[in-house]
Structures are given as structure tokens and as C-alpha cells.
Amino acid sequence: MSTGKSSVPQHVAIIMDGNGRWARRHGWPRLKGHQEGAQSLQAILRACRTAGVKYLTVYAFSVENWIRPKAEINGLMALLRKFLRDQEHELHEHQVRLRMIGRMEDLPAAVQKELSRVIAATAQHTGGQLILALSYGSRAEIAAAARRIAAAVQAGRLRPEEITEQTVAANLYAPDVPDPDLLIRTSGEMRVSNFLLWQISYAELYVTDVLWPDFREAEFNRALASYAQRQRRFGGVK
Ligand code: IPE
Ligand code: IPE
Ligand code: MG
């Protein structure tokens, strides 16, 4: 049984789901659920600091989410800019580096600008990392990696027989980030919805029925406690 520091995941990834259902349950528009969800993200970022979790990757908007009604998409993008403005001070205060994974080019220009600015401003911070998955799709990420590897082969910089798992990993969006140890999905759905398919190969899974706007520090600590009880074997025997 592992106890103490080593039982704290270094990297937690979260599929922040259930904002719409939370809003509906209260009889409010979906956007209100997203607003409350942004509060949960702030709370979980703080909880990561308290618990000693170094990397937090959150699924904020998928490549598939572009099919949602335009009003909802616009609301989410506006909320994202607000989140960045609201959080910037805290990121600096606690030396947290902001990063993004996904198709940056899909985002509205104003969001790209705000995002790039905060990413650059926090690039030297070493107190932890907040990684936003935006217009993110794992298949798109892997396909982009395949294109880069193929280009390297075509340019004569790489031979096909030299391509290993490390080559693929090195061509993903954030190659230096360790794989998630724990993947949390809120609101009960038992699926991964195109999130970090390569990186979660050996992640521990935690699904809770709690909706994302209700997922705060106490719920997060429940997930960490569950993780601490797991026996990770990585294919070996214990
Ligand atoms: C997650 O909440 C946030 C995003 C996908 C942007 P949803 O908006 O998917 O909420 P539900 O699943 O409809 O309850
Ligand atoms: C996954 O949630 C994407 C995000 C949390 C950003 P969805 O609500 O889009 O996933 P599905 O459609 O239920 O699989
Ligand atoms: Mg959903």
C-alpha cells in the first residue's frame, strides 16, 4: 500500500461535464451552468495547490463542441476570456504556468489574443501547470503528430524504423507534460469523448455523478482519496 506524498497524483486530467444538466435542474439557461462551472475550475485549481498536484489538464471545449448552438459557443468563448482575465493575478501569485492543447487556430481572434498573452506572461512560472484543452480532439492531435512525423521522414531527418512510442509522444501538443495519473469525469457519463486517448493509457479512472458546477474541493478530495487506494500495476504483478 502506498501512502503519503507518492499517493498524490502528479497530473490530474478532468472532463468537466454536466454544466447544462446542472442549469436545467435549477431551471436556468445553460450558460449559467457554464458560469458556475468556471467557479468550480477556480476552486479545483486552488485544491490542486493544497494537495500538491503539479499538473491540471481540463477539457474545456472539444473539437466536437463546435456543433453546439452559436449562442452557447459565443457564451463559452466570452466566459473563457473572462476566466483568463480573472485568473491572471492568481496564476502569477502562485507561479502557475498556463498552457493550451488543441486547435488554437479554430478559436475566435479575441480569445487567441487573450490566451496567447497569458500563456506568454506565465511561460517562466514553475509552481505548477494549468493546461486548457480548447478545440481539443485526441484523434486530431494524433493525426497532427502523424503528419509531423511523416514530414520528418520525407525530409530525410528520420527513418521509418526509428519511429517509436517516444516519437509519437514527442509530437503531441504538450510533449513534456507527464501522462495523467488520474482522469476524472463528472456527471456520470462512462466515456472519454475523444480526450487524451494516447496519454491516458495507464491513468486511473474516476467517474462521479456529481455535476461539474457542484464539483468543488470536497469532491476533488474524494477523488484523490480514491486514487490513493488504487494499486497501479502497469501490466506487472503485485
Ligand atoms: C460541459 O458541460 C461543458 C462543455 C462541454 C463545454 P455540458 O455543456 O456538456 O453539460 P451537459 O452534458 O449538457 O449537462
Ligand atoms: C466532453 O463533454 C467535452 C468537454 C467536457 C469539454 P461533452 O458533453 O461534449 O461530451 P459528450 O457529448 O457527452 O460525449
Ligand atoms: Mg456534456
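How many residues of the shell around ligand 1 are nonpolar, how many polar and how many charged? The shell divides into three nonpolar, five polar and five charged residues. The description below concerns a predicted model, and it takes the chain as a whole before turning to each ligand.

## Overall fold

The secondary structure of the chain comprises seven helices and six strands. From the start of the sequence to its end, these elements follow the order β-α-α-β-α-β-α-β-α-α-β-β-α. The radius of gyration is 18 Å, close to the 18 Å that the globule rule gives for 238 residues, so the chain is as compact as a globular protein of that length.

Along the principal axes, the C-alpha atoms occupy a box of roughly 60 × 50 × 35 Å.

## Surroundings of ligand 1

Ligand 1 is surrounded by 13 residues, of which D17, G20, R21, R30 and R68 are the closest. Three helices, α1 (19–26), α2 (30–51) and α3 (70–93), each supply at least two residues of this shell. The greatest contribution comes from α1, with three residues. The space that ligand 1 takes is the largest pocket.

## Polar contacts of ligand 1

Both side chains and backbone take part in the contacts with oxygen atoms of ligand 1. In the side chain of R21, an N or O atom lies 2.7 Å from an oxygen atom of the ligand. For R30, a polar side-chain atom is 2.8 Å from an oxygen atom of ligand 1. The contact of N19 involves a polar backbone atom, at 3.2 Å from an oxygen atom of the ligand. On its own, ligand 1 has 380 Å² of accessible area, and the protein covers 86% of it.

## Surroundings of ligand 2

Which residues surround ligand 2? They are I15, M16, D17, Y59, A60, F61, N65, R68, R185, R191 and S193. By character, the shell around ligand 2 divides into five nonpolar, two polar and four charged residues. Strand β2, which spans residues 55–62, gives the most to this shell, with three residues. The space taken by ligand 2 is the largest pocket, as is the space taken by ligand 1.

D17 and R68 belong to the surroundings of ligand 2, and both are also among the closest residues to ligand 1.

## Polar contacts of ligand 2

Three side chains place an N or O atom close to an oxygen atom of ligand 2, namely those of N65, R185 and R191. The distance is 2.8 Å for R191, 3.0 Å for N65 and 3.4 Å for R185. Taken alone, ligand 2 exposes 390 Å², of which the protein buries 78%.

Terms used: Residues are numbered from 1 along each chain as its sequence is written. Chains are lettered from A and ligands numbered from 1 in the order in which they are written. This is a predicted model: local features need pLDDT of at least 70, side-chain atom pairs count only at pLDDT 80 or more; totals for chains, interfaces and linings use all residues. Side-chain values use heavy atoms; hydrogens and water are left out. A residue is near a molecule or strand if one of its heavy atoms lies within 4 Å of it. A polar contact is a pair of N or O atoms within 3.5 Å; within protein, one must be able to donate a hydrogen and the other to accept it, and residues adjacent in sequence count only if both atoms are side-chain atoms. Accessible areas come from the Shrake-Rupley method with a 1.4 Å probe; for residues, only the protein chains shown count as cover. On a 1 Å grid over the protein atoms alone, a cavity is a set of points where a 1.4 Å probe fits but cannot get out, and a pocket is an open set with protein on both sides within 12 Å along at least five of seven lines; lining residues have an atom within 4 Å of a point. A molecule sits in a cavity or pocket if more than half of its atoms lie within 2 Å of its grid points. Helices (H or I, at least four residues) and strands (E, at least two) are DSSP runs, numbered from the N terminus. Ala, Val, Leu, Ile, Met, Phe, Trp, Tyr, Cys and Pro count as nonpolar, Asp, Glu, Lys and Arg as charged, and the others, Gly among them, as polar. The radius of gyration is taken over C-alpha atoms; the globule rule is 2.2 Å times the number of residues to the power 0.38.
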